[in-house]
Amino acid sequence: MAAVKAVLLDLGNVLVFHDNALLFARLGACARMQAHEVSQRLMGAGWTAANKGLLDAEGIRRSVCGALNLELPMAEFAPLWSSHFTTHDAVLPRVESLVGRVKLVLVSNTNALHAAYLRPRLPLLQRFDALVMSCEVGSVKPEPDIYRIALERAGCAPEEAAFFDDLAEFVDAANALGLRGQLFTTAAAFDTQLEALGL
């Protein structure tokens, strides 16, 4: 089996935790509606449009506020929209140990506001070889193009790349393209998976 030359990592629930239920509850408190109603109004086409980069920061604000009948200026909306993230501190040193040993590539479904919020809070990203964010490349997981872009930036063949994601659907899509997909669960399990990959 080919040696692993690149590790491709998801962002949400791998490098950072994102508690969507908390986000929906906080938005609901502002909009005076239940979290499940917020979720119903926001999930779907608008979410995908934001992740594909079809909505910029202001477009996201208008879309979300419009769906929830809210009037929030960007100065209030932006921090609220990203208030559900916490860094996954246990996994970051493990990822840092890979710097210089393999190509490190981020592969994330995200939007312009979340990307802007998280970059300065994850200085480790500056040591990655490439950041493939869906809102910047116009493709989202599990679409094949986002994986192909990541492989191109890593400069390796699919079988030389290990891909870690917390969603089985996205891991399956990577495996279908010949990558060595791994379902991410915990930092401890990540250690075991890296060891099995020879890392």
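## A look around the largest pocket and helix 9

Let's start with the largest pocket, which is lined by 25 residues, with H18, N20, W47, N51 and N109 lying nearest its centre. Helix 3 (45–51) and helix 7 (112–118) are the elements that give two or more residues to this lining, and helix 3 gives the most, with three. The pocket's volume is about 520 Å³. By type, the lining splits into eight nonpolar residues, 13 polar and four charged.

This is a predicted model, where local features need pLDDT of at least 70 and side-chain atom pairs count only at pLDDT 80 or more, while totals for chains, interfaces and linings use all residues. Residues are numbered from 1 along each chain as its sequence is written, and side-chain values use heavy atoms, with hydrogens and water left out.

A few terms help here. A pocket is an open set of points on a 1 Å grid over the protein atoms alone, where a 1.4 Å probe fits, with protein on both sides within 12 Å along at least five of seven lines; lining residues have an atom within 4 Å of a point. Helices are DSSP runs (H or I, at least four residues), as are strands (E, at least two), numbered from the N terminus. Contact means heavy atoms within 4.5 Å.

N51 lies in helix 3. Leaving aside residues up to four places away in sequence, N51 touches N109, T110, N111, S134, C135 and V140. N51 counts as buried (under 20% relative accessible area, 1.4 Å probe, protein chains only), at 10%.

What about disulfides, meaning pairs of cysteine sulfur atoms within 2.5 Å? A search of the whole structure finds zero. Here are two of the cysteines, with sulfurs too far from the closest cysteine sulfur for a bond:

| Cysteine | Closest cysteine sulfur | Relative accessible area |
|---|---|---|
| C65 | C30, 9.1 Å | 4%, buried |
| C135 | C65, 19 Å | 16%, buried |

Now for helix 9 (residues 144–154), whose buried residues are I146, Y147, A150, L151 and A154. Seen down the helix axis, they fall within an arc of 135°, so they line one face of helix 9. The arc is taken from the directions from the axis to the C-beta atoms. The buried residues of helix 9 pack against strand 1 (6–9), strand 4 (103–108), strand 5 (130–133), helix 8 (134–137), strand 6 (161–165) and helix 10 (168–176). After helix 9 comes G155, with a positive phi near 70°.

Note on methods
Buried < 20%, exposed > 50% of the residue type's maximum accessible area, 1.4 Å probe, protein only. Disulfide = S-S within 2.5 Å. Points joined across faces, edges and corners; volume = space filled by probe spheres on them. Nonpolar A, V, L, I, M, F, W, Y, C, P; charged D, E, K, R; others polar.
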